[in-house]
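I opened this entry to keep track of what I looked up. I started with the overall fold and then went on to single side chains.

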Amino acid sequence: LIGAQTAFFFWRRRQESKGLFVKMRQSVKFSYMLVGGQISWFTVLFGKSFSSLIVLTLSGHNQFTDPFVFIIVIVFVISLPSQLFYVAASLAVNDALFHVP
């Protein structure tokens, strides 16, 4: 087991010296940042739509009769925890300067 770990360590150092692992790490960091930002954008958009639906419904005009309203609610409910997950994942691998939701 120790011999396999040592061989893997030297193989990985050789690959890192060629620049293969560095590019992969940067693309993973960038993808977390990009996905977290886009899901944050969707959360803000659908959160504003959801709050407008609630305000109109409370003022006397029931908005929950249209099937499209339920799509807005479902997307908002799914995007909210997804945003928290991807923003936290992005902050775990990136500096806070690179990811501003």
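My notes follow, from the whole chain down to ring pairs.

**Fold**

I am working with a predicted model. I looked up the secondary structure first. The protein chain has three helices and zero strands. Along the sequence I read the pattern α-α-α.

**Burial, surface and contacts**

I checked burial next. Of the 101 residues in the protein chain, 21% are buried. I then took the exposed area, which is about 7,600 Å² for the protein chain. Carbon and sulfur atoms supply 72% of that area.

I also looked at sequence separation. I took the contacts in the protein chain with a separation of 6 or more, and 58% of them join residues 24 or more positions apart.

**Leu56**

I picked out Leu56 in helix α2, which covers residues 20-58. Is Leu56 buried or exposed? Neither label fits: its relative accessible area is 37%, so I noted Leu56 as partly exposed, given that buried means under 20% and exposed over 50%. Which residues does Leu56 touch, leaving aside neighbours within four places in sequence? I found His61 and Gln63.

**The nonpolar patch**

I went on to the surface. Trp41, Phe42 and Leu45 make a nonpolar patch of about 320 Å². I went through its members in turn. Leu45 is found in helix α2. Its relative accessibility is 38%, so I noted Leu45 as partly exposed. Trp41 reaches 54%, so I put Trp41 down as exposed. Phe42 has a relative accessible area of 37% and is partly exposed.

**Aromatic pairs**

I counted the ring pairs next. The structure holds five aromatic pairs. One of them joins Trp41 and Phe42, with ring centres 4.9 Å apart. Why is this pair edge-to-face? The planes of Trp41 and Phe42 stand at 65 degrees, and an angle over 60 counts as edge-to-face.

I looked up the rings of Phe85 and Tyr86 too. Their centres are 5.1 Å apart and their planes are at 80 degrees, so this pair is edge-to-face as well. I checked the accessibility of Tyr86: at 27%, Tyr86 is partly exposed.

My last lookup was the clustering of rings. Trp41, Phe42 and Phe46 form one aromatic cluster. I noted that Trp41 and Phe42 thus turn up in the nonpolar patch and in the aromatic cluster.

Terms used
Residues are numbered from 1 along each chain as its sequence is written. This is a predicted model: local features need pLDDT of at least 70, side-chain atom pairs count only at pLDDT 80 or more; totals for chains, interfaces and linings use all residues. Side-chain values use heavy atoms; hydrogens and water are left out. Helices (H or I, at least four residues) and strands (E, at least two) are DSSP runs, numbered from the N terminus. Buried means under 20% relative accessible area, exposed over 50%, partly exposed in between (1.4 Å probe, protein chains only). Contact means heavy atoms within 4.5 Å. Accessible areas come from the Shrake-Rupley method with a 1.4 Å probe; for residues, only the protein chains shown count as cover. Patches are made of residues with over 30% relative accessible area and no salt bridge: like charges are joined within 9 Å, nonpolar side chains (Val, Leu, Ile, Met, Phe, Trp, Tyr) within 5 Å. A salt bridge is a side-chain nitrogen of Lys or Arg within 4 Å of a carboxyl oxygen of Asp or Glu. Rings of Phe, Tyr and Trp (its six-membered ring) pair if their centres lie within 6.5 Å; planes under 30 degrees apart count as stacked, over 60 as edge-to-face and the rest as tilted.
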